[in-house]
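Could you walk me through this model in the viewer, one selection at a time? I would like to know what to pick next and what is there.

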Amino acid sequence: MPTAPFDPVSATEALLATVPPDVAARSDAYFEGGYWLLLWGTLVSVAAAWVLLHFGLAARMRDHAERASRRPWLSSLLFSAAFVVASTGLELPWSIYADFVREHRYELATQSFGEWIVEAGISLAVSVALFAPAFALFYGLIRRAGRAWWAWGSALAIALVAFALLIQPVYIEPLFNHYAPLEPGALREEILSLARANGVPTDDVLVVDSSRQTNRISANVAGLFGTARIALSDNLLAQGTPEEILAVTAHEIGHFALGHVSTLLIQLGLAFGVGFLFADRVFAAVHRRHGARFGVRDLADPAGLPILYAAFSVYLLLMTPALNTIIRVNESQADLFALNAARQPDGFASIALKLGSHRKLAPGPLEEALMFDHPSGRSRILMAMRWKAEHLGELAAAEASELRR
């Protein structure tokens, strides 16, 4: 008896229908609440900057730094370290709500508050160690480049993003989590085979104990100059089937193989350049009206950093749809790569459903275009079902061959 043709749209809707309505509603509420977090988080950053300026704290921190050293680079370094600490402290109540209270409310976090605050302290120390020198270099560029500082600043920003994408997972994240080799077995060999076939220069597959902080599924492929490695969260191994794990890993390999780090650096570099130009214009306007009252001398004065910080925060909020699109396109490309590399459309679709624990599965087209930095669950499942429809014969033959073994 002939079988009915496979319809990707119907298959997608059938899979989405397996999610209980209360689970979908909870996920939607969490994800949609994130839209408001973007707005309120920006307002909190602007308010923190205003406190530092209005009460003369930024000017006093600059004066203390200049008394400690007459060398501009060192006084800028000292001020920048104080600024990172002060702004983090002012924004701490918001961080506690957004990153701890809310995550627990939606049962996505696993840490106690004591554990969370300890890690927040480590994050602050890392931020001081990284951003204080970056801000000091930033002000060195301003002193030398003058009004063209925004162009040079974008180059510095690209370097920082490159660090975040390539170095942080290898050298910073181990400060928060333990990494251990994935135990030998068929899954490890399949993952390494995927890596070798797609140019990932590694023989390391690591497991990270992400369950210490969250129950979310995650994985990444990162590294540079011989440090490349594949890392899977213990949540992925605990919650995923072998087919789902291979689909997720192939997606992460796709980012590496498709050179997304390079393209993302170029795209974000352009975005940062425009953002710094925007911040330059905002600084000029604010300084004309309030510079004397805030105790900010000129653009090269580190005491004006809160103005630039607030302006760039607003810019990032306004650019959310554009930045989301840049990232979402890369993610969609990695999705298609994963389907072709791992050839696990059902595993890919089912893991997309599991990611629906904290991602809205079925948004409207405009909502997805504006607010999603990854394809929605529906988009991902539909891509997988379309791929499956075009490879039904091959998949059936592979399954029959597996059964004969």
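## A turn between two helices

Glu107 sits in the loop that links helix 4 (72-105) to helix 5 (113-145). Keep in mind as you select it that this is a predicted model. Check the backbone here: phi of Glu107 is near 55°, a positive value in a residue other than glycine. Most residues other than glycine have a negative phi. Is Glu107 buried or exposed? With a relative accessible area of 58%, Glu107 lies above the 50% cut-off and so counts as exposed.

## Back along helix 4

Now step back into helix 4 and select Ala82. Its relative accessible area is 28%, so Ala82 is partly exposed. For a sense of scale, draw a distance from the C-alpha of Ala82 to that of Pro169: the two are 87 residues apart in sequence and 26 Å apart in space.

Next, show helix 4 together with helix 11 (residues 305-318). How do two packed helices get described? By the angle between their axes and the distance between the axes. For helix 4 and helix 11, the angle is about 50° and the axes are 11 Å apart. The two helices are therefore oblique to each other, and their crossing is right-handed. To see the contact, select Phe79, Phe83 and Glu91 on helix 4, then Leu305, Pro306 and Tyr309 on helix 11. These residues divide into five nonpolar, no polar and one charged.

## Two serines and a tyrosine

Stay on helix 11 and select Ser313. At 13% relative accessible area, Ser313 is under the 20% cut-off and so is buried. What does the side chain of Ser313 reach? Look for the backbone oxygen of Tyr309, at 2.8 Å. Leaving aside neighbours within four places in sequence, Ser313 is in contact with Thr42 and Ser45.

Follow that second contact to Ser45, which belongs to helix 2 (residues 21-54). Ser45 is buried too, with a relative accessible area of 8%. Its side chain makes a polar contact with the side chain of Tyr309, at 3.5 Å. Setting aside neighbours within four places in sequence, Ser45 touches Glu91, Tyr309 and Ser313. You have met Glu91 and Tyr309 already, as part of the contact between helix 4 and helix 11.

## Helix 12 and its partners

Move on to helix 12 (residues 320-342) and display it with helix 9 (residues 242-257). At what angle do they pack? The angle is about 120°, and the axes are 7 Å apart. That angle makes helix 9 oblique to helix 12, and the crossing is right-handed. On the helix 9 side, select Leu246, Ala247, Ala250, His251, Ile253, Gly254, His255 and Ala257. On the helix 12 side, add Asn330, Glu331, Ala334, Asp335, Phe337, Ala338, Ala341 and Ala342. Colour them by type and you will find ten nonpolar, four polar and two charged residues.

Swap helix 9 for helix 10 (residues 260-294), whose axis comes within 11 Å of the axis of helix 12 and crosses it at roughly 170°. This makes helix 10 roughly antiparallel to helix 12. Here His260, Thr263, Leu264, Gln267, Leu268 and Ala271 of helix 10 meet Leu323, Ile326, Asn330, Gln333 and Ala334 of helix 12. The residues of this contact divide into six nonpolar, five polar and no charged.

Now centre the view on Gln333, in helix 12. Its relative accessibility is 38%, so Gln333 counts as partly exposed. Which residues does Gln333 touch, not counting those up to four places away in sequence? They are Leu258 and His260. Then pick the C-alpha atoms of Gln333 and His251: the residues are 82 apart along the chain, and these atoms are separated by 8.8 Å.

## Last stop

Finish at Arg343, in the loop between helix 12 and helix 13 (345-354). As at Glu107, phi deserves a look: for Arg343 the angle is near 55°, a positive value in a residue other than glycine. At 32% relative accessibility, Arg343 counts as partly exposed.

How values were computed:
Residues numbered from 1 in each chain as written. Predicted model: local features only at pLDDT ≥ 70, side-chain atom pairs only at ≥ 80, totals over all residues. Heavy atoms only, no water. Axes fitted to C-alpha atoms, helices over the stretch in contact; angles between N-to-C directions. Helix = DSSP H or I, 4+ residues; strand = E, 2+ residues; numbered from the N terminus. Parallel < 35°, antiparallel > 145°, perpendicular 65-115°, else oblique. Left-handed = near helix turned anticlockwise from the far one by under 90°. Contact = heavy atoms within 4.5 Å. Nonpolar A, V, L, I, M, F, W, Y, C, P; charged D, E, K, R; others polar. Buried < 20%, exposed > 50% of the residue type's maximum accessible area, 1.4 Å probe, protein only. Polar contact = N/O pair within 3.5 Å; in protein donor to acceptor, adjacent residues only side chain to side chain.
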